[in-house]
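Take a walk through this model, one strand and one contact at a time. Keep the sequence beside the picture as you read.

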Amino acid sequence: MTDLSHLIKNAAQATTLSPDERIAYIRSPRWIGYGRAKVLLDCLEDLMIYPKKHRMPNMLIVGDTNNGKSMIVNRFASKHPAYDCPDEETIHVPVLVIESPPVPSESRLYDKILTKLFAPHRINDKPQKKQGDVIKLLTKIGTRMLLIDEVHNLLAGSSSKQREYLNVIKELGNELQIPIVGAGIKDALRAVNTDPQLGNRFEPFILPRWENNDEYLQLLDSYEYMLPLKNPSSLSDEEMAMKLLVMSEGLIGELSEILVRSAVQAVQDKTEMIDKKTLEKINWIAPSKRRSM
């Protein structure tokens, strides 16, 4: 009988699936609650229960592309799902997640919110009307936090447009008396800090790149527990850990994709483990090289 003590229960059970089913399992989304992510989730929970007042605290989650911002945002939203309120003949949406429009535009921001909630509206309506509709709707459905992902899209506009867009976000939070959380790359933080008042309103939470430390090794062990391969891969061994760190350039989204592709390769090759040969076979191109290409 194969020793599967290196796997959690669900992953061990998945080793009995057909190769195609196992590959589908490997490619399915998974959550790994590493330390920094848990701290951020706790901070978001604290914001959710913050007493209502005119000047609500806001947050800006800052990190490099593909370093876990969106995953954490969506994880938090999944813990506060929408639910029906039959007595009020409506639904409640405690946490609303939208993606920032591709350019800093007040009108487009309201369109994003109204579209996400399937609210009827006209694109050509004036921003003032859309703002009123948004405030009325979010109040009705009991929204307690607005999360705006890809907030660095504001950099597509001029400095004045950026400040105008950020002021609209701030005003929306003031009117609704709810915290607003943005998620974006470092340039978004610089844009916010060009205005001292805005900088004070959006407290930054930094998601740094990973380094070769104990938390990183624990992360690799967590992945190994969850990937349904019949043989141990020893991902946290010194040589493998460093190779994976170099390949991923310290970005958790890149690391996850490397390990998923490698696990699929291991199933297809019937080696049932990830080693240096497996990593070479996936023909990985590091993110910095992809950008230069």
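**Starting from one strand**

Leucine 60 stands opposite glycine 182 in β6. The model is a predicted one. Begin with this pair and look at the strands around it. Strand β1 covers residues 58–63, and it pairs with β6 in the parallel sense. Four bridges hold that pairing.

Now turn to strand β5, residues 145–149. Strands β5 and β6 also run parallel, joined by three bridges. Here leucine 146 has isoleucine 180 of β6 as its bridge partner. How does the chain get from β5 to β6, and what is the handedness of the crossover? The path goes through helix α7, residues 159–176. This β-α-β crossover is right-handed.

Stay with β6, which spans residues 180–184. Is this strand mostly covered or mostly open? It is mostly covered, with five of its five residues buried. Check each face in turn. On one side sit Ile180, Gly182 and Gly184, and they are buried. On the other side sit Val181 and Ala183, and they are buried as well.

Next, the nonpolar interior. In soluble globular proteins, nonpolar side chains tend to be buried together. The largest nonpolar core here has 52 residues. Which members touch the most others? They are Leu244 and Ile274. Helix α12, residues 252–269, supplies the largest share of this core, nine residues. Apart from this core lies another, of 33 residues. Its members include Tyr165, Val168, Leu176 and Val192.

Return to leucine 244 for a closer look. Leaving aside residues up to four places away in sequence, leucine 244 touches Tyr216, Leu220 and Leu235, among others. Its list of contacts also includes Leu255, Ile258, Leu259 and Leu279.

Charged residues come next. Side chains of opposite charge can pair when their charged atoms come close. The structure holds twelve salt bridges. One of them joins aspartate 111 to lysine 130, with the closest N and O atoms 2.9 Å apart. This pair links distant parts of the chain. Aspartate 111 belongs to helix α5, residues 106–116, while lysine 130 belongs to helix α6, residues 127–140. The two residues are 19 apart in the chain. Are these partners buried or exposed? Aspartate 111 is buried, because its relative accessible area of 11% falls under the 20% cut-off. Lysine 130 is buried too, at 1%.

A second bridge brings together the side chains of arginine 122 and aspartate 125, at 3.3 Å from N to O. Arginine 122 counts as exposed at 58% relative accessibility, whereas aspartate 125 counts as buried at 11%. Both residues belong to a network of salt bridges that also links Lys129 and Asp133.

A third bridge joins aspartate 187 and arginine 190, at 1.9 Å from N to O. Both lie in helix α8, residues 186–193. They are three residues apart, about one turn of the helix. Aspartate 187 is partly exposed at 32%, and arginine 190 is exposed at 54%.

Finish with the cysteines. How many disulfides does a search of the whole structure find? It finds zero. Cysteine 43 is partly exposed, with a relative accessible area of 27%. Cysteine 85 is buried, at 14%.

Definitions and conventions: Residues numbered from 1 in each chain as written. Predicted model: local features only at pLDDT ≥ 70, side-chain atom pairs only at ≥ 80, totals over all residues. Heavy atoms only, no water. Disulfide = S-S within 2.5 Å. Buried < 20%, exposed > 50% of the residue type's maximum accessible area, 1.4 Å probe, protein only. Core = buried A, V, L, I, M, F, W, Y, C linked by side-chain atoms within 4.5 Å. Contact = heavy atoms within 4.5 Å. Pairing = 2+ DSSP bridges. Right-handed = clockwise from strand over helix to strand, strands pointing away. Salt bridge = Lys/Arg side-chain N within 4 Å of Asp/Glu carboxyl O.
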